[in-house]
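Let's walk through this model together, beginning with one residue and widening the view from there. Keep the sequence and the 3D view open side by side as you read.

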Amino acid sequence: MSSLTLAARDSATMLRRNLLHVRRYPSMTLNLLLTPVVLLLLFVYVFGDVMSAGIAGGADRSAYLAYLVPGIMLLTIGGTTIGSAVSVAMDMTEGIIARFRTMAIHRGSVLIGHVAGSVLQCMMSVVVVGAVAVAIGFRATDATALEWLAAAGLLALVSLALTWVAVGMGLTSPNAEAAGNNALPLMVLPLLSSAFVPVDAMPGCFQPVARYQPFTPAIETLRGLLLGTEIGHNGWLAVAWCLALAALGYTWSKSLFNRPPK
């Protein structure tokens with residue numbers, strides 16, 4: 001078999017391994033998924049009327065629900081990738097990576113399996129959160145099939161980019177607890193974006209943080225695709241952020257994984 005065929009076979013094996021881990025130990029995935037669901041319900045049913053009055057000029061919480069859901073979807077991806085950092089750190093500290101290095105498998109298949117598994121988890125988590133949103137009244141009836149496809153592609157691209165960054169954080173962490181803490185910004189940054197309120201409505205000191213970060217253009221692009229709001233320059237900014245983070249995360253992860261063990 002060619003080297004490409006071997007790499008694909010070994011990567012598929014590592015993907016199955018990671019998916020089996022998720023199935024056997026679902027507690028981490030459920031805990032990370034619970035946070036965006038709770039935030040969605042909290043902001044809609046506790047703050048929804050007030051927030052809707054401030055953003056849409058009315059007292060109907062459905063307007064704020066529509067505004068909120070794209071940001072919650074991106075928050076879901078950021079939270080899910082924290083599990084990838086923890087999983088990679090566990091593999092590095094428990095000795096399984098050292099054993100893999102002695103076996104006749106493609107060297108990059110271990111990381112590829114983690115990344116592919118994480119992207120699948122992110123997309124499944126987004127589907128679950130989206131189902132909850134639909135159940136409480138979210139609708140995107142004006143979006144065309146092409147816009148839905150573009151939205152799915154954007155979510156997958158964000159998942160890929162953040163997963164590579166999370167893998168690097170896991171590789172550089174001394175243990176699983178540290179990996180979870182190091183990857184926490186992936187869930188905090190969406191809270192400081194336009195996910196919950198427009199950037200222009202934030203205090204002046206927070207506006208630069210919200211404006212010049214990867215989550216805000218991705219959220220605004222997803223909001224435009226699903227709800228028909230103006231996307232403007234956010235579309236290419238979101239793609240540029242994702243490609244830059246994916247390249248940075250891949251390069252960082254590869255260098256950390258290939259360095260000689262201590």
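Ser109 is buried, because its relative accessible area is 0%; here buried means under 20% relative accessible area, exposed means over 50%, and partly exposed is anything in between, using a 1.4 Å probe and protein chains only. You will find Ser109 in helix H6, which covers residues 109–135. Helices (H or I, at least four residues) and strands (E, at least two) are DSSP runs, numbered from the N terminus. Leaving out residues up to four places away in sequence, Ser109 touches Ala7, Asp10, Ser11 and Met14, where contact means heavy atoms within 4.5 Å.

Before going further, a word on the ground rules. This is a predicted model, in which local features need pLDDT of at least 70 and side-chain atom pairs count only at pLDDT 80 or more, while totals for chains, interfaces and linings use all residues. Residues are numbered from 1 along each chain as its sequence is written, and side-chain values use heavy atoms, with hydrogens and water left out.

Now step back to the whole chain. How many helices and strands does the protein chain have? There are 12 helices and 0 strands, so read from the N terminus the order of elements is α-α-α-α-α-α-α-α-α-α-α-α. Along the principal axes, the C-alpha atoms fill a box of roughly 65 × 35 × 35 Å. The radius of gyration of the protein chain is 19 Å, which agrees with the value near 18 Å for a compact globule of 262 residues. That radius is taken over C-alpha atoms, and the globule rule is 2.2 Å times the number of residues to the power 0.38.

What about the inside and the surface? Of the 262 residues, 46% count as buried. The protein chain exposes about 12800 Å², with carbon and sulfur atoms supplying 69% of that area; accessible areas come from the Shrake-Rupley method with a 1.4 Å probe, and for residues only the protein chains shown count as cover. Among contacts in the protein chain with a separation of 6 or more, 78% are between residues 24 or more positions apart. As for charge, the 15 positive and 11 negative charges have mean positions 18 Å apart. Lys and Arg count as positive and Asp and Glu as negative, with His and the chain ends not counted; each charge is placed at NZ of Lys, CZ of Arg, CG of Asp or CD of Glu.

The UniProt record adds another layer. Its unreviewed entry lists residues 64–89, 110–136, 148–171, 183–199 and 235–253 under "transmembrane region"; UniProt positions are given in the numbering used here, feature names are shortened, and annotations may be inferred rather than shown by experiment. In the model, residues 64–89 are 100% helix and 0% strand, with end C-alpha atoms 38 Å apart. Residues 110–136 are 96% helix and 0% strand, and the end C-alpha atoms of this span lie 40 Å apart.

Next, look at helix H4 (residues 61–93), where Gly71 is found. Gly71 is buried, with a relative accessible area of 1%. Leaving aside residues up to four places away in sequence, Gly71 touches Ala195, Ile219 and Arg223. The C-alpha atoms of Gly71 and Leu191 are separated by 8.8 Å, although these residues are 120 residues apart along the chain.

Follow the contact from Gly71 to Arg223, which sits in helix H11 (residues 215–227). Is Arg223 buried or exposed? At 2% relative accessibility, Arg223 counts as buried. Arg223 and Gly71 are 152 residues apart in sequence but 8.1 Å apart in space, C-alpha to C-alpha. Other contacts of Arg223 include Tyr67, Pro70, Ser194 and Thr229.

Also in helix H4 is Met90, which counts as partly exposed at 33% relative accessibility. The C-alpha atoms of Met90 and Ser173 are separated by 9.5 Å, with their positions 83 residues apart along the chain.

Two more residues round off the walk. Asn18, in helix H1 (residues 3–24), counts as buried at 7% relative accessibility and is in contact with Ser87, Gly113 and His114, neighbours within four places in sequence left aside. Lys254, in helix H12 (residues 234–258), is partly exposed, with a relative accessible area of 43%. Lys254 and Ala143 are 111 residues apart in sequence and 39 Å apart in space, C-alpha to C-alpha.
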